[in-house]
Amino acid sequence: MKNRDSYSHLRGESLYIDDLNTQQGTLYGLVCDAQIAHAKILDLDIVKAEALAGVVKIFTHSDVPGKNQIGGIIPDEPLLAETDIHFWGQPIAFIVAKSEAIAKKARALINIKTEALPVITTAIEAFEKGEFVCAPRTFKLGDTSKAFKNCDYIIKGNTFSNGQEHLYLETQGAYAEYHENGKIKVTSSTQGPTQVQKAVAKVLGVGMHQVEVDVIRLGGGFGGKEDQATAWAVMAALAAKTLHKPVKYVLNRHDDLRMTGKRHPYDSSFKIGLNKDLKIQAFEATFLQNSGAAADLSPAIAERTLFHATNAYNIKNVNTTVHSCKTNLPPNTAFRGFGGPQGMFVIESAIAKVAEKLNIPAFKIQEANLLQDNDVFSYGQIAMQVEAKNTWQSAINSFNFESNFKAVKKFNSKNNGVKKGISIMPICFGISFTNTPMNHARALVHIYQDGSVGFSTGAVEMGQGVNTKLQQIVMYTFGLAKEKIHIESTNTTRVANTSPSAASATADLNGKALLKACKALKERLFNVASKNLNIPDSELSFKDGKVCQNSKPTHLSWEVLIETAFLERVSLSEKAHHTTPKIYFDKSKEKGHPFAYHVYGTAISTVAVDCIRGTYEIESVKIVHDFGKSMNLNIDMGQVEGALAQGIGWMTMEEIAYDKNGRLLSNALSTYKIPDIYAMPKIIEVKVLESDGHKMALLKSKAVGEPPLMYGIGTYFAIQNAIKAFNNNYELKFDAPLTPEKVLKSLYSNAFKL
Ligand code: LUZ
Ligand code: MOS
């Protein structure tokens with residue numbers, strides 16, 4: 001089945017916040033944010049701005065009736081600044097006016113006097129000064145000190161991976177309405193409707209039952225709207241509640257880029273020890289996460305870095321620590337992979353460094369250490385149904401790795417102007433929210449008396465295709481065509497207390513709840529059919545709108561069955577609740593079984609570097625991916641390709657830059673380069689691993705949203721290998737993104753030493 005939204009997307013009919021028909025009297029919001037990264041607020045003068053014709057009210061922290069607090073994990077983030085400013089772009093006041101243009105004029109009239117304080121922009125500096133948003137975490141397995149004593153080779157190194165801008169096509173935004181009895185309805189572009197509801201209630205000082213949050217769909221989220229859609233929705237709600245008017249606030253791109261957090265930059269160091277047989281004996285790493293000015297999701301993201309610090313390798317002695325360092329940048333946040341990619345970049349760098357020292361290709365070390373069944377992760381989970389070697393071997397065979405590797409060598413021996421590089425990138429990604437209590441979901445299904453079906457879940461459609469997969473569940477269970485099924489918007493009054501759509505787990509969690517509700521209805525309807533047809537339940541099924549006996553259609557249609565059930569006063573509605581079984585994690589020991597399962601895969605990347613210009617082309621990325629039993633290969637392939645593009649962007653070209661005062665320099669698409677069609681590999685080939693899937697995945701169709709992003713890490717190392725082929729004096733550096741500027745410098749670094 002095609003993505004159910006593709007038709008309306010193509011015709012421009014899909015609705016986003018900015019497309020909603022605004023009601024008469026709608027007012028427009030705009031944030032006035034800090035133009036300094038760290039300061040004391042001495043005076044906030046809004047008099048002139050508020051006097052401007054068309055300005056209705058300017059809200060500051062003192063207008064908040066409840067708590068001026070939106071921090072999710074840790075309450076350390078005011079909605080509107082009070083006495084201090086902690087990052088450039090921090091919201092200080094919320095202007096509400098009759099038009100966006102008036103609000104913008106008013107913003108220029110607000111006068112803020114500040115006293116500058118010292119600014120920290122890097123994790124290293126924050127670490128040295130002891131500035132953190134939360135306590136460090138350490139995962140340990142075995143005894144690294146002891147293991148290092150017996151290693152034949154020990155290598156140390158440092159790495160840096162930069163942040164990444166989400167660049168969802170739809171910027172952040174919300175539309176808030178005042179309803180009777182003081183109820184507030186917010187339509188929000190959020191991955192987490194319940195988080196928005198909770199924060200609105202807290203800031204307004206009302207119960208969550210007074211707040212309804214509705215989500216139609218998102219024009220992309222990528223993690224950027226897991227936590228950071230909240231502030232704007234809360235501000236719009238605050239204004240709607242106070243003014244009894246509808247209030248709309250959609251950020252323009254500049255404001256969005258400046259005010260929102262991004263993927264966390266990481267400064268890391270590693271120590272790795274191997275024996276002559278290339279088996280990794282010990283691995284230590286320290287991760288300095290640049291958390292920004294408030295915790296946001298940083299503690300959870302830090303944790304996932306540790307979970308993925310050994311990627312798809314079995315290492316028996318591990319000691320990894322992460323520090324969440326407090327800087328004066330916008331609070332960094334969830335981004336596809338959620339700290340996992342940052343962790344995996346470090347172990348891959350460590351392996352590449354060892355390979356350089358031993359003068360062997362990195363794949364020999366990777367291959368010698370791949371994870372197998374019954375290996376133990378550093379966090380105590382025992383690896384089962386491991387597909388690391390299967391995807392690796394399948395990639396090597398299907399894509400003729402050995403002959404391609406030789407061909408690259410041969411090419412390089414004959415060409416000087418262009419050098420090629422090849423690399424292999426295995427992945428292993430844990431599926432489940434690492435915070436066990438978040439792994440639950442609910443669904444609500446109504447069969448209407450004419451036989452049509454409407455359903456709701458807590459899943460948010462953000463382009464990933466979850467609504468299509470959910471619709472498939474209903475189609476399969478009831479044997480109905482898609483036209484018979486309507487999926488409702490995600491709404492907190494229909495499905496409550498939801499976890500955000502995140503962690504690649506949305507289809508698994510919500511789909512399993514939906515399947516359960518549909519199955520309960522199916523059983524009930526089988527009873528009705530069995531009585532009316534005089535056929536045992538066990539012989540019944542639904543197909544093509546008919547009740548079937550032993551798979552052959554009977555005279556009884558779905559519509560007549562539903563009408564009969566209705567007249568017999570059988571309930572045609574059902575809700576269900578799903579929680580992931582078995583998972584747990586004990587933070588006091590940092591051990592447990594946090595993931596339902598893992599997703600595996602292997603990518604082979606080939607690049608060609610222009611050794612005069614430093615530019616490069618990614619010739620191909622060929623992947624064997626572990627989809628399980630994919631329930632929709634069109635959608636899943638789209639996820640793999642999209643994630644790969646995003647991973648390549650992060651590793652090779654997307655360069656976030658702040659100046660030393662904490663001002664974002666890469667503040668537009670002219671200064672922040674994201675991959676376009678020309679940056680994409682000329683060939684992308686994705687092969688499906690033949691496997692059994694996993695019973696904890698929806699219909700054994702494994703989660704697919706985040707894992708393939710990490711294939712992009714392979715291109716970093718392929719480019720390095722090409723540089724090395726040109727300049728044998730080059731020493732590998734781990735400083736992502738590997739932009740053409742950096743490539744050019746590397747091609748000639750130490751090259752002409754006498
Ligand atoms: N969000 C979250 C996530 O709250 N917890 C997670 O474990 C997670 N993992 C990946 C992406 N988002
Ligand atoms: Mo996410 S990084 O799954 O919101």
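Start by colouring the chain by domain: domain 1 covers 6-118 + 166-259, domain 2 covers 120-163 + 262-369, domain 3 covers 380-434 + 595-754, and domain 4 covers 440-579. Keep in mind as you go that this is a predicted model.

**Stop 1: where domain 3 meets domain 4**

Hide domains 1 and 2 for a moment. Over C-alpha atoms, the centres of domain 3 and domain 4 lie 40 Å apart. Their contact draws on 21 residues of domain 3 and 19 residues of domain 4. Put a surface on each: about 1,500 Å² is buried between the two domains, with 62% of that on carbon and sulfur atoms.

Which residues of domain 3 lose the most area to domain 4? Select Phe433, Met631 and Leu698, which together account for 44% of what the domain 3 side buries.

Now look for the charged pair. One salt bridge is counted between domain 3 and domain 4. To see a salt bridge, show the side chains of Asp636 and Lys469, where N and O are 2.7 Å apart. Seven residue pairs are in polar contact between domain 3 and domain 4, counting pairs with both residues at pLDDT 80 or more.

Next, switch to a cartoon view of the domain 3 side. Strand E16 (418-431) and helix H17 (633-652) each provide at least two of the residues that touch domain 4. H17 gives the most, with three residues. If you colour this side of domain 3 by class, you will find 13 nonpolar, five polar and three charged residues.

**Stop 2: Val621, inside domain 3**

Select Val621, which sits in strand E28 (residues 616-625). Is Val621 buried or exposed? Its relative accessibility is 0%, so Val621 counts as buried.

Show what surrounds the side chain. Beyond residues up to four places away in sequence, Val621 touches Ala603, Ile604, Ser605, Leu644, Ile648, Pro681, Ile683, Ile684, Glu685 and Thr715. Pro681 is a good one to pick with the distance tool: Val621 and Pro681 are 60 residues apart in sequence, yet their C-alpha atoms are 6.3 Å apart.

**Stop 3: Phe478, inside domain 4**

Move over to helix H14 (residues 466-478) and select Phe478. With a relative accessibility of 1%, Phe478 counts as buried. Leaving out neighbours within four places in sequence, its contacts are Ile447, Val453, Cys518, Leu521, Lys522, Phe542 and Trp558. Try the distance tool again here: Phe478 and Val453 are 25 residues apart along the chain, and 9.7 Å separates their C-alpha atoms.

**Stop 4: backbone oddities**

Turn on the backbone for this part. Most residues other than glycine have a negative phi, and most peptide bonds are trans. The next three places go against that background.

- Select Asn400, in the loop between helix H12 (388-398) and helix H13 (401-414). Phi is positive here, about 45°, although Asn400 is not a glycine. Asn400 counts as partly exposed, with 47% relative accessibility.
- Go on to Arg569, in the loop between helix H16 (558-567) and strand E24 (573-579). This residue is not a glycine either, and its phi is near 60°, a positive value. Arg569 is exposed, at a relative accessible area of 78%.
- Finish the set at Pro737, in the loop between strand E30 (735-736) and helix H19 (740-748). The peptide bond leading from Ala736 to Pro737 is cis, and its omega is near 5°.

**Stop 5: back to domain 2**

Bring the hidden domains back. Domain 2 covers 120-163 + 262-369, and two selections are waiting there.

The first is Thr144, in helix H5 (residues 144-149). Thr144 is buried, with a relative accessible area of 5%. Apart from residues up to four places away in sequence, Thr144 touches Ala282, Phe283, Glu284, Asn317, Val318 and Asn319.

The second is helix H9 (residues 298-307). How many of the ten residues of H9 are buried? The count is ten of the ten, so H9 is largely enclosed by the rest of the structure. Show the side chains along the helix and you will see that the buried residues include Glu303 and Arg304 as well as Ile301, Leu306 and Phe307.

Technical notes. Residues are numbered from 1 along each chain as its sequence is written. Chains are lettered from A and ligands numbered from 1 in the order in which they are written. This is a predicted model: local features need pLDDT of at least 70, side-chain atom pairs count only at pLDDT 80 or more; totals for chains, interfaces and linings use all residues. Side-chain values use heavy atoms; hydrogens and water are left out. Domain bounds come from an automatic or database domain assignment. Contact means heavy atoms within 4.5 Å. Buried area is the accessible area (1.4 Å probe) that two parts lose on being put together, summed over both. A salt bridge is a side-chain nitrogen of Lys or Arg within 4 Å of a carboxyl oxygen of Asp or Glu. A polar contact is a pair of N or O atoms within 3.5 Å; within protein, one must be able to donate a hydrogen and the other to accept it, and residues adjacent in sequence count only if both atoms are side-chain atoms. Helices (H or I, at least four residues) and strands (E, at least two) are DSSP runs, numbered from the N terminus. Ala, Val, Leu, Ile, Met, Phe, Trp, Tyr, Cys and Pro count as nonpolar, Asp, Glu, Lys and Arg as charged, and the others, Gly among them, as polar. Buried means under 20% relative accessible area, exposed over 50%, partly exposed in between (1.4 Å probe, protein chains only).
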